[in-house]
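Here are my notes on the model, point by point. Please read them with the structure open.

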Amino acid sequence: MDNEQKYSISKWEEPERIYADLKKLTSEPIWEINDDELKKVLEHFETKCAKSKAISTEAKNYIPGGVQHNLAFNYPFPIAIEKAEGAYMYDVDGNKYIDFLQAGGPTILGSNYPAIREEVKKHLDHCGPVTGLLHKAELDLAKEINKHMPAVEMFRMLGSGTEAVMASLRIARIATGKKRIIKIGGAYHGWSDQMVYGLKIPGSRQFLESHGIPGKCYSLTDEVRPNDLGMLESMLRINKLKGGTAAVILEPVGPESGTRPVSFNYNKEVRRLCDKYGALLIFDEVVTGFRLGLGGAQGYFGIEPDLTIFGKVIAGGYPAAGGVGGKKCYAGLMAAGVATGKHRAYVGGTLAANPLSSLAGYLTIQEIERTNACVKAGRAGEKLTAGLAQLINKYGLPYVTYCQGSIVHLECTGAMSFDYSSFSLVKSVLGILKNKAMVMERKESMERMGAAYMANGIVTLAGSRLYTSLADTDEVIEDALQRFDRVFSTVVRTEKGLRK
């Protein structure tokens with residue numbers, strides 16, 4: 001059975017065209033909805049989303065920023081959701097939305113999938129959500145993962161992808177006896193101190209998001225340009241003089257879920273370089289694991305990473321979605337039990353691998369296999385992308401759209417498409433300082449476009465990424481494209497967003 005039958009991506013697009021189009025997009029002024037349309041959008045939120053506004057306004061008095069998760073930030077204010085079902089969400093004001101957020105990616109079957117929900121209800125009636133002791137579902141989930149990803153010989157479930165990344169770096173340092181970690185610029189590997197470095201924009205190092213973190217925390221973290229094997233090998237060579245690299249960690253479809261795509265052979269070459277320099281290869285499959293296909297990105301690209309990070313789909317949209325797995329010689333270095341006295345990576349989490357989440361994850365993977373959900377969601381993503389491309393051409397817009405199966409990208413401003421990667425700290429800093437105002441202007445425009453989509457009944461991730469699911473039928477995609485058509489018809493060229 002070939003990749004087209006097992007994975008959501010029917011054909012991998014090499015990144016040259018995408019990067020060329022993104023460069024053209026960011027060289028032009030911002031194209032966004034016109035002032036009259038923006039006024040209508042804001043009026044929509046004021047009149048049609050009044051209950052959401054009241055909740056989000058009061059929430060600011062009790063919750064930092066007014067929301068508990070970054071995905072909930074929306075311009076002009078967060079929308080409070082009351083019901084999620086399949087391809088749709090409904091807010092407290094009764095508005096219906098096509099859901100291309102899908103909780104940030106975990107609900108590949110669609111939101112609140114009935115078959116999983118009913119089994120979870122039975123489990124809650126019989127056992128409850130947590131016991132603190134062993135449950136068979138933990139074993140079932142680990143075996144199910146190994147069945148589809150043979151390189152994951154052992155699996156430890158944790159509370160989140162952030163925790164899984166922390167564990168993987170400890171494992172890598174114990175296994176190799178080395179300390180330095182190389183990440184790909186722009187990638188997101190959770191919010192632990194050493195990984196809040198080079199987020200969103202390559203080359204940004206600690207100068208965008210690393211507030212409240214002492215500089216020493218990322219003194220052993222290095223950042224290289226996406227899709228640049230030469231820079232990666234140079235860093236590995238430099239690190240060899242500093243005691244060596246413990247691991248290279250990456251998102252296999254490119255940083256930030258493919259926002260910066262890589263060539264098909266990139267991961268294969270990174271594997272070769274890791275072997276050459278004695279570093280472990282860590283695949284962060286929080287998004288791609290069981291979304292790209294049952295074999296994950298490692299199956300699609302034919303690569304065996306040493307360690308794999310899981311999240312999102314691993315619990316089927318239920319909480320405590322995280323974990324790390326890999327070859328026994330590495331995954332076995334995590335502590336099991338109390339005070340073993342052995343040289344092990346200490347990890348913990350009272351609610352990690354709780355019976356409810358373990359069972360939901362196990363059942364979800366089985367249901368994905370039964371329904372061929374990844375392939376069907378991928379077809380929906382490709383249909384959506386093709387339709388968006390036609391609309392972009394129809395209105396003569398400089399926008400860029402592409403997908404990795406069910407992970408769809410729609411870049412309207414290119415706010416996150418800049419790159420300041422350099423071995424020189426001074427060059428990176430100067431690039432960021434020179435262009436920060438322009439980047440922020442484009443980010444604000446991206447948020448306005450996201451608001452326009454939502455006012456037209458489409459929920460996206462920050463207005464620039466969309467996740468499709470098994471629930472996205474042809475009718476859902478056609479309906480969505482008509483809504484995008486309405487938004488694009490109001491877009492005009494401005495004089496904003498250029499380098500000063």
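1. Start with the strand pair. Strands β12 (residues 400-404) and β13 (residues 407-411) run antiparallel and are joined by five bridges. Gln404 of β12 stands opposite Ile407 in β13. Two residues lie between the strands of this hairpin, and Gly405 takes a positive phi near 65°. Keep in mind that this is a predicted model.

2. Is β12 mostly covered or mostly open? Mostly covered: five of its five residues are buried. Val400, Tyr402 and Gln404 point one way from the strand, while Thr401 and Cys403 point the other way. Both sets are buried.

3. Next, the cysteines. How many disulfides does a search of the whole structure find? Zero. Take Cys412 as a case. The closest cysteine sulfur belongs to Cys403 and is 16 Å away, too far for a bond, because a disulfide needs the two sulfur atoms within 2.5 Å. Cys412 is buried, with a relative accessible area of 6%. Cys217, in contrast, counts as partly exposed at 29% relative accessibility.

4. The largest nonpolar core has 78 residues. Phe45, Leu384, Tyr399, Leu410, Tyr453, Phe484 and Phe488 touch the most other members. Helix α16 gives the most to this core, with seven residues. Another core lies apart from it and has 30 residues, among them Ile108, Tyr113, Leu356 and Ile365. As background, nonpolar side chains in soluble globular proteins tend to be buried together.

5. Look at Phe484 within the largest core. Leaving aside neighbours within four places in sequence, Phe484 is in contact with Leu384, Leu388, Leu391, Leu410, Tyr453, Ile458 and Leu466.

6. Now the aromatic pairs. The count comes to 13. One of them joins Phe264 and Phe301, with 5.2 Å centre to centre and 50° between the planes, a tilted pair. Why does this pair tie together separate parts of the chain? Phe264 lies in the loop between α9 (255-258) and α10 (266-277), and Phe301 lies in helix α11 (residues 296-301), so the pair links parts that are 37 residues apart in sequence. Phe264 is partly exposed, at 27% relative accessibility. Phe301 is buried, with a relative accessible area of 8%.

7. A second pair involves Tyr453 and Phe484. The ring centres of Tyr453 and Phe484 are 5.0 Å apart and the planes are at 65°, so the pair is edge-to-face. Tyr453 lies in helix α15 (residues 425-455) and Phe484 in helix α16 (residues 474-488), so this pair ties together parts that are 31 residues apart in sequence. Both Tyr453 and Phe484 are buried.

8. Ring pairs also build a cluster. Tyr7, Trp12, Phe264, Tyr300 and Phe301 are linked this way. Ser263 is in the loop between α9 and α10. Ser263 counts as buried, because its relative accessibility of 17% is under the 20% limit. Not counting residues up to four places away in sequence, Ser263 touches Trp12, Glu14, Pro15 and Asn227.

9. Last, two lysines over rings. The charged end of Lys96 sits over the ring of Tyr88, 4.2 Å from its centre. Lys83 lies over the face of Tyr90, at 5.2 Å from the ring centre.

How values were computed:
Residues are numbered from 1 along each chain as its sequence is written. This is a predicted model: local features need pLDDT of at least 70, side-chain atom pairs count only at pLDDT 80 or more; totals for chains, interfaces and linings use all residues. Side-chain values use heavy atoms; hydrogens and water are left out. Rings of Phe, Tyr and Trp (its six-membered ring) pair if their centres lie within 6.5 Å; planes under 30 degrees apart count as stacked, over 60 as edge-to-face and the rest as tilted. Helices (H or I, at least four residues) and strands (E, at least two) are DSSP runs, numbered from the N terminus. Buried means under 20% relative accessible area, exposed over 50%, partly exposed in between (1.4 Å probe, protein chains only). A charge sits over a ring if NZ of Lys or CZ of Arg is within 6 Å of the ring centre and within 35 degrees of the ring normal. A nonpolar core is a set of buried Ala, Val, Leu, Ile, Met, Phe, Trp, Tyr and Cys residues joined through side-chain atoms within 4.5 Å. Contact means heavy atoms within 4.5 Å. Two strands pair if DSSP finds at least two bridges between them.
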